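This report is meant for a reader who is meeting the structure for the first time. It may help to keep the model in view while reading.

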Amino acid sequence: MSYKEVLDEISKSIKKELPPNSGVTTIEFEGPEVAVYSKNPQILVEDETLVRKLAKKLRKRIVIRSDPKVRLPKDEATYFVQKLIGEESNITTIDFDDSLGEIIIEADKPGVIIGKSGETLRKIISETFWRPRVQRTPPIESKVIKTIRHVLQEDAKRRQEILRMIGKRIHRPLIYRNDTIRVTGLGGFSEVGRSSALVQTGESRVLVDCGISVGAQTPQYTFPRFDFPEFDIEELDAVVVSHAHLDHSGFVPYLFKYGYKGPVYATKPTRDLMTMLQIDYLDVASKEGKLQPYSQKEIRETVLHTIVLDFNEVTDIAPDLRLTFYHAGHIVGSAIPHLHVGEGLYNMAFAQDIKYARSRLLDPATVRFPRLETLFIESTYGNPNDILPTRTDSEKQLEDVIVETVKRGGKVLIPVLAVGRAQEIILVLEEMMRAERIPLIPVYTDGMIREATAIVSAHPEALSKSVRDRIFHDGENPFLAEQFNHVSSQEERERIVLGDPAIILATSGMLNGGPSVYYFKELCEDEKNALVFVSYQGKGTLGSRIQKGITEVQMFEDGKTIMYHIMMQVHSISGFTGHSDRRELENYIRKVTPKPERYVMIHGESTKVVKLASWAYKTVRKNCLSPSNGTTIRLH
Ligand SMILES: [Zn+2]
């Protein structure tokens, strides 16, 4: 069947089921969804069960949109909503999404608008023909989220064309009908960095992750191996991004520079965070005079081609592929992509960068899947002796360092990555202060942490149950606690350095640039101060040299060499990692259900993938592999 025939058939069965007064004008594939345009959308929106039943019957995601011709002009719709809702809900913004036919209402108290019976929402749709989407006003303003929204609005027409083109491709007729399934490692196999796996089925080609090895010295080791013969950009159906870290998302815009026109699937927090990190990557590269593999233009293209999916939502991404994101527990928005091939033919999941333990910010990684034949799993801490201290011990250690430093009248400097560790440490500090385990002193955040925290707190639904409960039920947002202050000027920095005891969280996490280096230089020669590493320090970075115990550092400033003597206390606390340690990986492999028939160890140095694979083989007695980049594994 051609695409047109598929669409005609679906249209026919939709029209047959809908009431005669539903005013359907057009039915289109838009990305993975079937969009039903109607002159009377309120009838369809009200009868949710009807649409749900229809979606189930057709096994498609169906969305109802108003026909653009009947939508009230935007200024009139805005006026109507403001008058209807009044002031008690504190509307902060009213925005429109043309491609979805949505009016986005942001308010401090969204509950007031939604109301008990949904009466208000029904009135908005029946009077304005815009579908209301009510959101809580993000507690901290995010520039990146604003930019993304602006891009999507400005290019709403193109966005719609893109979605229709993607929809056409997903619903193209099956030609080959062969059952072979292969996965090739283009990056991140037997190494950490530039993660990218190419999945090939009889019909389709999908890239799972497309990262950059930020610390690598040559292009050959920095980017995924698109020169391997299995990879053909023309044939690519979709790119799936597990999470925002650059070693998983950093190279996605490059694909658009070289002619890719297809979709990028990610969770909403991942889309926002990866956009922030990609913009920053270009900034840093240009400041350091390094090669920029793409430009702002391609980041914009990536945004326009990104389709956001909720967790646990099954989505067609190719004629023979369905994708579902499961929680990975690693950073906000991080997912385990699960691919279902054909009608029950084969299932695989990519559990790379997972945390199989509870953190303050996130719930642990999912271990239950509907079906699973091959599990790809990370091996970052794959050695038998990669056992990290427990969270409780690590928090105690941090607590002791802070208490002692404050007693001495010193300051605590914690270099952190902007995304992930920073928010986790903010929650840990907030909790310690609330429980009076450490004194209530100012906590300064500097660098990209504020923007990352703004994005994280705009997505409370992706956070752990305990944080969600505090935000939604108790109305207290831990990220907004008054001891947290963001630093935005050099004068402030100078005041902090001269001022009273304080905790400073600053990027970069490995002291290889950014404000953390400034604080280090100012604080290192005073033995009252403390430096605490809470994340892995990459080889060759200033952080790792300090960890090894150097006592002097030479720095170049304004053409001069200045020698710094390290007198401050140096501590390393490793239990805050967002990765699973060896014990957690073993638990994950033991507990994952259903039991896969094959385990593929990836995302780890070559000795670690081998060690984890051999342990897994002895334990589960299944096929356990530890392939390198360039290896193609035939799964079926
Ligand atoms: Zn990661």
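The text below goes from the overall division of the chain to its sheet, a set of annotated positions and the nonpolar core.

**Overall division**

The model is predicted, and the protein is divided into domain 1 (3-69), domain 2 (71-137), domain 3 (153-384 + 579-634) and domain 4 (391-572). Between the C-alpha centres of domain 2 and domain 4 there is a distance of 40 Å. An unreviewed UniProt entry carries the annotation "domain: Metallo-beta-lactamase" for residues 193-391; in the model this span is 23% helix and 24% strand, and its end C-alpha atoms are 26 Å apart.

**An open sheet**

An open sheet with mixed pairing is formed by 7 strands, which follow the order β12-β11-β10-β9-β8-β7-β28. At the edges stand β12 (306-308) and β28 (632-634), and because each has a single partner strand, one side of each is left without a neighbour in the sheet. From one strand to the next, the twist averages 25 degrees. The partner of β28 is strand β7 (residues 182-187), and the two pair in the antiparallel sense over 3 bridges, with T184 having T632 in β28 as its bridge partner.

**Strands β13, β14 and β15**

Strand β14 (residues 321-327) has 5 of its 7 residues buried and is thus mostly covered. It pairs with two strands that are compared in the table, and with β13 it forms a hairpin in which 2 residues lie between the strands.

| Partner of β14 | Residues | Sense | Bridges | Opposed residues |
|---|---|---|---|---|
| β13 | 315-318 | antiparallel | 3 bridges | A318 and L321 |
| β15 | 335-341 | antiparallel | 7 bridges | T324 and H338 |

**The annotated binding site**

Which positions does UniProt mark with the feature "binding site"? The unreviewed entry places this feature at H243, H245, H330 and D353, and although these positions are spread over 111 residues of sequence, they cluster in space, the largest C-alpha distance being 10.2 Å.

H245 is found in the loop between β10 (238-240) and α10 (246-249), and H245 counts as buried because it has 26 C-beta neighbours inside 10 Å, where 20 or more are needed. Not counting residues up to four places away in sequence, H245 touches I331 and V419.

D353, in turn, has its place in the loop between β16 and β17 (374-378), and D353 is buried, since 29 other C-beta atoms lie within 10 Å. With residues up to four places away in sequence again left out, D353 touches a set of residues that includes H243 and H330, and also S242, H248, H579 and H603.

Strand β16 (residues 346-351) contains F350, which is buried, with 28 other C-beta atoms within 10 Å. Leaving aside neighbours within four places in sequence, the contacts of F350 are A197, V208, S242, I336, P337 and F376. F350 and Y326 are 24 residues apart in sequence, while their C-alpha atoms are 9.9 Å apart in space.

**The largest nonpolar core**

In soluble globular proteins, nonpolar side chains tend to be buried together. Here the largest nonpolar core has 163 residues, of which I414, I425, A452, I504 and L505 touch the most other members. The element that gives the most to this core is helix α15 (residues 421-434), with 6 residues. Apart from neighbours within four places in sequence, I425 is in contact with I414, V416, L505, V534 and F576.

Conventions:
Residues numbered from 1 in each chain as written. Predicted model: local features only at pLDDT ≥ 70, side-chain atom pairs only at ≥ 80, totals over all residues. Core = buried A, V, L, I, M, F, W, Y, C linked by C-beta atoms within 7 Å. Buried ≥ 20, exposed ≤ 12 C-beta atoms within 10 Å, placed from the backbone. Helix = DSSP H or I, 4+ residues; strand = E, 2+ residues; numbered from the N terminus. Contact = placed C-beta atoms within 7 Å. Pairing = 2+ DSSP bridges. Axes fitted to C-alpha atoms, helices over the stretch in contact; angles between N-to-C directions. UniProt positions renumbered as here; feature names shortened; annotations may be inferred. Domains from an automatic or database assignment.
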